[in-house]
Amino acid sequence: MARGKTRTGTDHPNPLALQISVEHITRYIAGIQQSYTQSGGVRPFGISTLIAGFDEHSSAPQLYQTDPAGTFSAWKANATGRNSKAVRAAQQRS
């Protein structure tokens with residue numbers, strides 16, 4: 001994925017230095033994950049990804065999660081990994 005991002009970055013220069021939104025980056029990464037799932041029927045990435053950042057016009061942080069199938073969703077708080085269920089339960093209690 002890193003090689004693809006480097007190649008794409010050089011293919012699409014940003015001469016105006018426009019800010020790219022966190023959602024746009026998330027959609028891009030989810031699209032890569034989905035294309036591998038759809039074309040080969042495999043999930044080579046095999047990970048969920050949490051992507052966080054600030055947009056230029058937003059005062060609140062943005063948090064998105066992608067899954068290996070290429071779907072993504074926005075969250076206020078989330079966890080992924082081995083103990084994610086316990087962390088989510090603690091978040092719901094507080």
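With which residues is Gly 70 in contact, leaving aside its neighbours within four places in sequence? In this predicted model, the residues in contact with Gly 70 on that basis are Ala 30, Gln 33 and Gln 34. Gly 70 is located in the loop between strand 2 and strand 3. The separation between Gly 70 and Gln 34 is 36 residues in sequence, whereas their C-alpha atoms are 4.0 Å apart in space. The relative accessible area of Gly 70 is 14%, which is under the 20% limit, so the residue counts as buried. The hairpin of strand 2 and strand 3 has five residues between the strands, and within this hairpin Gly 70 adopts a positive phi near 100°.

The protein chain contains three helices and three strands. Their order from the N terminus is α-α-β-β-β-α. Of the 94 residues in the protein chain, 23% are buried. The accessible surface of the chain amounts to about 7100 Å², and carbon and sulfur atoms contribute 55% of this surface. Among contacts in the chain with a separation of 6 or more, 38% are between residues 24 or more positions apart.

The three strands form an open sheet with antiparallel pairing, in the order 1-2-3. Strand 1 (49-53) and strand 3 (72-75) are at the edges of the sheet; each has a single partner strand, so one side of each is without a neighbour in the sheet. From one strand to the next, the twist averages 25°. Strands of a sheet pair through backbone hydrogen bonds, in either a parallel or an antiparallel arrangement. Here, the antiparallel pairing of strand 1 with strand 2 comprises five bridges, and that of strand 2 (residues 62-66) with strand 3 comprises four bridges. Between strand 1 and strand 2, Thr 49 has Thr 66 as its bridge partner. Between strand 2 and strand 3, Tyr 64 has Ala 74 as its bridge partner, and Leu 63 stands opposite Trp 75.

Strand 2 is mostly covered, with five of its five residues buried. This cover applies to both faces of the strand: Gln 62, Tyr 64 and Thr 66 are buried on one side, and Leu 63 and Gln 65 are buried on the other.

Gln 65 belongs to strand 2 and has a relative accessibility of 12%, which places it among the buried residues. The side chain of Gln 65 is joined by polar contacts to two side chains, that of Trp 75 at 3.5 Å and that of Asn 78 at 2.4 Å. When residues up to four places away in sequence are not counted, Gln 65 touches Ser 48, Thr 49, Leu 50, Thr 71, Phe 72, Ser 73, Trp 75, Asn 78, Thr 80 and Arg 88. Of these residues, Thr 49 and Leu 50 fall within the range of strand 1 (49-53), and Phe 72, Ser 73 and Trp 75 fall within that of strand 3 (72-75).

A second buried glutamine, Gln 33, lies in helix 2 (residues 22-40). The relative accessible area of Gln 33 is 1%; buried means under 20%, so Gln 33 is within this class. Apart from residues up to four places away in sequence, Gln 33 touches Phe 45, Ile 47, Thr 49, Thr 66, Asp 67, Pro 68 and Gly 70. Two of the residues touched by Gln 33, Thr 49 and Thr 66, are the bridge partners noted above for strand 1 and strand 2. Gly 70, also touched by Gln 33, is the loop residue between strand 2 and strand 3 described at the outset.

The model contains one salt bridge. This salt bridge is formed by Glu 23 and Arg 27, whose closest N and O atoms are 2.8 Å apart. Both residues lie in helix 2, four residues apart, which is about one turn of the helix. Glu 23 is partly exposed, at a relative accessible area of 29%, and Arg 27 is likewise partly exposed, at 47% relative accessibility.

How values were computed: Residues numbered from 1 in each chain as written. Predicted model: local features only at pLDDT ≥ 70, side-chain atom pairs only at ≥ 80, totals over all residues. Heavy atoms only, no water. Pairing = 2+ DSSP bridges. Axes fitted to C-alpha atoms, helices over the stretch in contact; angles between N-to-C directions. Buried < 20%, exposed > 50% of the residue type's maximum accessible area, 1.4 Å probe, protein only. Contact = heavy atoms within 4.5 Å. Areas by Shrake-Rupley, 256 points an atom, 1.4 Å probe, with all protein chains shown as cover. Polar contact = N/O pair within 3.5 Å; in protein donor to acceptor, adjacent residues only side chain to side chain. Salt bridge = Lys/Arg side-chain N within 4 Å of Asp/Glu carboxyl O.
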